[in-house]
Every structure is written in C-alpha cells, then in structure tokens.
Amino acid sequence: MIKGLGVDIVENNRFSSFPKGALEKIFTPFELSEMERRVDKTEFLASRFAVKEAVVKAYGTGFGAIGAKDIETRNDDKGKPFVLVNGERKDNIHISLSHEKEYSIAFAVLEEL
C-alpha cells in the first residue's frame with residue numbers, strides 16, 4: 001500500500017555557485033565524491049537535492065525530523081537509483097529522477113512495510 005508521495009523540481013543552476021561549505025551541509029560525503037566524477041555537476045546536485053525534497057514530502061515531515069544529509073541517493077549495478085535514510089537502504093522508497101535542459105525532477109513513492 002502507498003503511504004506517501006513526494007515530488008520536487010529544481011532549477012539546475014541553483015547549485016552552480018554554492019560554496020563548498022554550503023554543499024557539505026546538504027550533501028553526504030558520498031554524494032559529493034560522486035559529484036566530482038560527473039561532467040554536469042550542477043545537474044547531479046540538483047537531482048540529488050530533488051530526491052531529498054521528494055522523500056521528506058513522501059514522509060509528510062518536511063526537513064526537520066529528517067535532515068538533508070540523512071537522505072542519500074545511490075545507484076545499483078544497473079544504474080537504478082535507491083535511497084539510504086540514516087545510512088540504511090530503504091527498499092520501500094521508490095524514486096525516479098529526470099533531467100531536461102535547466103531542470104531536474106525527482107519523484108518518491110513511500111510504500112508501507
């Protein structure tokens with residue numbers, strides 16, 4: 001059964017001039033190291049931030065009970081994204097990411113266990 005839905009859209013250039021210290025408050029060390037490997041760093045950061053927003057919306061909490069750095073996006077061997085919350089993989093949270101020119105979007109479905 002679906003317990004919650006969340007969606008977020010982010011303008012990619014929002015992350016083009018963030019100081020490193022600000023990024024470290026939002027993104028996990030893993031996400032920041034993955035960003036360094038990417039050609040389009042702003043698109044990568046925007047999509048990962050959209051996931052964080054979509055997940056807290058699916059939980060219905062907003063940021064507060066769950067912080068931005070508590071949510072981490074990774075990809076499995078086939079490239080499918082998945083979410084860790086507080087370091088624990090959450091297979092009951094299904095996410096989808098997409099990019100188009102200046103925007104990135106994420107959708108999260110929270111499934112009841």
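**Exercise 1. Determine whether E31 is buried or exposed, and describe its surroundings.**

Solution. In this predicted model, E31 has a relative accessible area of 1%. Because buried means under 20%, E31 counts as buried.

Next, locate the residue: E31 belongs to helix α2, which spans residues 29-36.

Then list its contacts. With neighbours within four places in sequence left aside, E31 touches F44, R48, K52, I71, E72 and T73. For T73 there is a polar detail: the side chain of E31 reaches the backbone nitrogen of T73 at 3.1 Å.

**Exercise 2. Identify which residue forms a salt bridge with E31, and state which helices the pair ties together.**

Solution. The partner is K52, with the closest N and O atoms 3.0 Å apart. E31 lies in helix α2 and K52 in helix α3 (residues 41-59), so the salt bridge ties together parts that are 21 residues apart in sequence. As to accessibility, both E31 and K52 are buried.

**Exercise 3. State how many salt bridges the model contains, and examine those of K90 and R89.**

Solution. The count comes to seven salt bridges. K90 pairs with E88, the closest N and O atoms being 3.6 Å apart. E88 has a relative accessible area of 46% and is therefore partly exposed.

The side chains of R89 and D91 meet at 2.8 Å, N to O. R89 is partly exposed at 41% relative accessibility. For D91 the value is 53%; because exposed means over 50%, D91 counts as exposed.

Salt bridges also link E34, R37 and R38 in a network.

**Exercise 4. Describe how strands β2 and β3 are joined.**

Solution. Strand β2 covers residues 71-75 and strand β3 residues 81-85; the two run antiparallel and are joined by five bridges. Within this pairing, R74 has F82 of β3 as its bridge partner. The two strands form a hairpin with five residues between them. In the turn, G79 has a positive phi of about 95°.

**Exercise 5. Give the strand order of the open sheet, and explain why β1 and β5 are edge strands.**

Solution. Three strands make up the open sheet, in the order β1-β6-β5, with antiparallel pairing. β1 (2-11) and β5 (93-100) each have a single partner strand, so one side of each is left without a neighbour in the sheet. Direction ignored, neighbouring strands of this sheet are turned by 10° against each other on average.

For the pairing of β1 with β6 (residues 103-111), nine bridges are found. In this arrangement V10 stands opposite S104 in β6.

Key:
Residues numbered from 1 in each chain as written. Predicted model: local features only at pLDDT ≥ 70, side-chain atom pairs only at ≥ 80, totals over all residues. Heavy atoms only, no water. Pairing = 2+ DSSP bridges. Helix = DSSP H or I, 4+ residues; strand = E, 2+ residues; numbered from the N terminus. Buried < 20%, exposed > 50% of the residue type's maximum accessible area, 1.4 Å probe, protein only. Polar contact = N/O pair within 3.5 Å; in protein donor to acceptor, adjacent residues only side chain to side chain. Contact = heavy atoms within 4.5 Å. Axes fitted to C-alpha atoms, helices over the stretch in contact; angles between N-to-C directions. Salt bridge = Lys/Arg side-chain N within 4 Å of Asp/Glu carboxyl O.
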